[in-house]
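The following exercises concern a predicted model. Each task is followed by a solution that proceeds step by step.

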Amino acid sequence: MLPLIILGILALVIIAIAIANVKIVPQSEAYVLERLGAFYEVWNVGLHLKTPFIMRIVARISLKERVADFPPQPVITKDNVTMEIDTVVFYQITDPKLFTYGVANPINAIANLTTTTLRNIIGDMELDQSLTSRDIINTRMCSILDEATDPWGIKINRVELKNIILPQELQKTMEKQMRAERERRESVLQAEGQKASQILVAEGEKQSAILRADAAKQSAILKAEGEREARILAAEAEAQAIMKVQQALADSLRLLNEAAPNDQVVKLKALETMAKVADGKATKIIIPSELQGLAGFAAGAKAVWESEEAAKE
């Protein structure tokens, strides 16, 4: 009976030991194993069985990305300005073996390396440059830290400057400078606005003067065209009047020719023509000899007619 109990106990112990040495590695983790005190292998995701009393798990390492937020560290710029900067480092373990055996305290090592690297970078920059070159500082620190942590099995994914803390006196000075700069920009904007307004007013006056000149020019052109049209119409009317007079004269001559006038009538017409000539401004008139007799006859007839008219009255 006793041997059976002992066998049962031994079987239970063996089963317990076997169960205890069956390990399941979860996702995003890795186990580092040693055999008889020396590194043996790294277990990744899955079911694993280790030899009891010979192998042991020395480290359970998470492969997820980690964040290390380091407190503010004093740094000095190239122009001797002391300020404090705190950094945030995003890193990930890529080699569990190197991470386990490479450095005793990886987080402390990263913190010290971050501080020294930051001081070296800021020491080569002036204050204004360091305040406006965060991307450059982040990129340089990430590159330097990633190269330095490769032997530790750590990958530096990103480095960010969280805060830049300046001395109070320097902050007040910078605030005054910023206020003065804003006032200067405001003055410049006002001056530019006034300049633009004056330019627009001058441009408007110029356009107005051009429009007035164009209107005066158009008015003069229209007036000249009107006067020209009036002269043309007057000339045409005068020409038509002359044509009518000439037509009337031609008609009278035609009728005279059709009536076959004798010499006395012709001489009488000539006398009438001479009378019209005498109405002009000529001071001396020469009468042809053949018309002188007719003129005397006409004068005598006129005198007789006038005496008869006087007697009737």
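**Exercise 1.** Determine how the side chains of Lys155 and Asp146 meet, and classify the accessibility of each residue.

*Solution.* Step 1: the two side chains form a salt bridge, with an N to O distance of 3.1 Å. This lies inside the cut-off, which requires a side-chain nitrogen of Lys or Arg within 4 Å of a carboxyl oxygen of Asp or Glu. Step 2: Lys155 has a relative accessible area of 34% and is partly exposed. Step 3: Asp146, at 15% relative accessibility, counts as buried, because the limit for burial is under 20%.

**Exercise 2.** State how many salt bridges the structure holds, then analyse the one between Arg56 and Glu34.

*Solution.* Step 1: the total is 6 salt bridges. Step 2: in the pair of Arg56 and Glu34, the closest N and O atoms are 3.2 Å apart. Step 3: Arg56 belongs to strand β5 and Glu34 to strand β2, so this salt bridge ties together parts that are 22 residues apart in sequence. Step 4: Arg56 is partly exposed at 48% relative accessible area, whereas Glu34 is buried at 8%.

**Exercise 3.** Describe the sheet that contains β2 and β5.

*Solution.* Step 1: the sheet is open and has 3 strands in the order β3-β2-β5, paired antiparallel. Step 2: β3 (38-43) and β5 (55-62) are the edge strands, each pairing on one side only. Step 3: neighbouring strands are turned against each other by 25° on average, direction ignored. Step 4: strand β2 (residues 29-35) is joined to β5 by 7 bridges; within this pairing, Glu29 has Ser62 as its bridge partner in β5.

**Exercise 4.** Which residues are linked with Glu181 in a network of salt bridges, and how far apart in helix α6 are Glu181 and Arg185?

*Solution.* Step 1: the network links Glu181, Arg184 and Arg185. Step 2: the side chains of Glu181 and Arg185 meet at 3.3 Å, N to O. Step 3: these two residues are 4 residues apart in helix α6 (residues 168-258), which means a separation of about one helical turn. Step 4: Glu181 is partly exposed, at 28% relative accessible area, while Arg185 is exposed, at 52%.

**Exercise 5.** Is Thr87 buried or exposed, and which residues does it contact beyond its neighbours within four places in sequence?

*Solution.* Step 1: Thr87 is found in strand β8 (residues 82-93). Step 2: its relative accessibility is 3%, so Thr87 counts as buried. Step 3: the contacts of Thr87 outside those sequence neighbours include Phe70, Leu118, Met141 and Leu161.

Notes
Residues numbered from 1 in each chain as written. Predicted model: local features only at pLDDT ≥ 70, side-chain atom pairs only at ≥ 80, totals over all residues. Heavy atoms only, no water. Pairing = 2+ DSSP bridges. Axes fitted to C-alpha atoms, helices over the stretch in contact; angles between N-to-C directions. Buried < 20%, exposed > 50% of the residue type's maximum accessible area, 1.4 Å probe, protein only. Contact = heavy atoms within 4.5 Å.
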